Amino acid sequence: MKILTQHIDVPGIETIDVFMKNGGYKAVEKAIKTMTPDEVTEEVKKSGLRGRGGAGFPMGMKWSFLAKPEGVPRYLVCNADESEPGTFKDHYLMMKSPHTLIEGMIVSSFALGANTSYIYVRGELMYVINILEKAIQEAYDKGLLGKNILGSGYDLDLFVQPGGGAYICGEETALLESLEGKRGNPRNKPPFPAVKGLWQCPTVVNNVESIAATSWIVNNGGDAYAAIGVGRSTGTKLISASGHIKKPGVYEIPLGITVEEFIYSDEYCGGIRDGHKLKAVVAGGSSVPILSADNILTTDAGEKRLMTYESLSEGGFATGTMLGSGGFIVMDETTCIVHNTLTFARFYHHESCGQCSPCREGTGWMDKVIKRIETGKGRSEDIDLLVDVAKKIEGNTICPLGDAAAWPVAAAIRHFRDEFEWHITHPEEATKPGAVYMRPGASWSN
Amino acid sequence: MSNIVFPAETLDLIKKIIARYPDEKQKSAILPILHLAQAEWKWCSPAVMDYVATLLSISPIEVYEVASFYTMFHLEPVGEHVIEYCRTGPCCLMGGVEVYDHLKKRLGIQTGETTKDGKFTIKEVECLAACGWGPVFQIREKYHMHLTNEKVDEIIDELSK
């Protein structure tokens, strides 16, 4: 079942003519000519679509929070600041099929009553920004953007805004600060963007993939979307697969397939690279808890784990994780968990905006202490120190970056504590190039 | 440094960029203009940032604080080609560390340094959202993906011509 990527490999799909030949922009026509904005919102609510950037908040509900005071502009801002390590789905979608996003932007802006909308793209993707701007111009030329779209009386201007290289701007209030031309420091909430967002006006911020899915929902109805998937995990999800698999790439899956199928079937990752065994997976981008091979494939109850919000989080943080952004990083037995955790800790240390002390100081501490362990200078008390620092960051910051920094460290120790201990007790062995600890009896150990 | 003025066509483009935002919200154009400035002058010197401030009728500090927050802006002079390699987990899993070591050896410089001939600067950056295509580095707008030592050599050879 493909919704977002059905035509992604059609030659020329980045041009509006080919896109329209393949059914593109039908949703704009249907929404604007035959539906009211509230009817579009109602279909999105019915679809059960949840925010695909990582938080998984029901999109229709988020839309329904939008304040609509008279005479005040409302804005839709697309969050295309994709920066969560392991995640490259929005990059892929926008690069290959920019009109898929633009069509969703028009439909969603119409539903929200926005007459100006922005797509905030991370600045490193300047080549994708160029692709989007070219596609937007095509849409203007066809009367799908601008004044009086398709003769309906509805006006919409759409602009692309580049970021400047800051992970934190993927947090919606930091993104709005950035779009206002400031440093990306997250705002205190409330007020929420739905009430006071961009330039203090009511604003909805949604992820690329979420917005792109609204066109299909308009065309086929919210019920049809909700019929895909399992329980509250409806529809399809783009999964960015990276690491030690045969076929890294972006895959659109119907939510509800098993993790095992996703990793091993030829339709998706194609299995672990030849001659190697699965050791660990980070299932939803660097911030979600890492799980060992056993925990990712099977829940505590002994059931096969599914690619859904609920199944991945089953067992809580003790044995579960999160679907997050769908950044699926696979590691085989050659992976040193301490080194991988160091790259994540370094990442969050680098990307902390510095506003809240627990995050600013704590991410630095975790980076330093893990580096000490990785380079063979660890002390026996360091592991508990890391757990303590992670605890003190979690829940104590304005935005979720603090949690995102704490979780991967805490989880790596929870599931691979022996590997950290080995680095501390066997520094000479552990610092040899390519040295990796083998847990006795583990399914990935020789 | 008094010759810091954008070409006429860039100034036209800047007018269009400012028109994307409501009246008096022209400060939103800082990031787009800083990107244009860096493309023009390679790095964001204090004089360049002051010039950006005058274009937007804002105080220079408003540009400095933004330029220093976002990692894409070079606040020191850089070489002709800035190679920004991704050092985050997924690229490392794909052999990034070895490839980047080769890059440094090949150019004879460390991260953050510029070759003596001013041709290359190496910087390490965080995740470039290309994890399935790693190891990755970026030179200006171009992503170079699935890097190997041989591929790095080819790219450096090409740019050295």
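At the heart of this predicted model is a nonpolar core, the largest one, with 179 residues. The members that touch the most others in this core are A:Val77, A:Cys78, A:Val281 and A:Val330. Helix α18 of chain A, spanning residues 401-425, gives the most to the core, with 12 residues. As a general backdrop, nonpolar side chains in soluble globular proteins tend to be buried together.

**A look around A:Val330**

- Which residues does A:Val330 touch, leaving aside those up to four places away in sequence? They are A:Ala241, A:Gly243, A:His244, A:Ile245, A:Ile263, A:Cys269, A:Leu278 and A:Val281.
- A:Val281, in that list of neighbours, is also one of the core members with the most contacts to other members.

**Chain A as a whole**

- Chain A contains 19 helices and 11 strands.
- Its radius of gyration is 22 Å, close to the 22 Å from the globule rule for 446 residues, so chain A is as compact as a globular protein of that length.
- Along the principal axes, the C-alpha atoms of chain A fill a box of roughly 75 × 45 × 40 Å.
- Of the 446 residues in chain A, 57% are buried.
- Among chain A contacts with a separation of 6 or more, 71% are between residues 24 or more positions apart.

**Chain B and its domains**

- Chain B is assigned two stretches: domain 1 covers 8-67, and domain 2 covers 81-160.
- Taken over C-alpha atoms, the centres of domain 1 of chain B and domain 2 of chain B are 29 Å apart.

Terms used:
Residues numbered from 1 in each chain as written. Chains lettered and ligands numbered in written order. Predicted model: local features only at pLDDT ≥ 70, side-chain atom pairs only at ≥ 80, totals over all residues. Helix = DSSP H or I, 4+ residues; strand = E, 2+ residues; numbered from the N terminus. Rg over C-alpha atoms; globule rule 2.2 N^0.38 Å. Buried ≥ 20, exposed ≤ 12 C-beta atoms within 10 Å, placed from the backbone. Contact = placed C-beta atoms within 7 Å. Domains from an automatic or database assignment. Core = buried A, V, L, I, M, F, W, Y, C linked by C-beta atoms within 7 Å.
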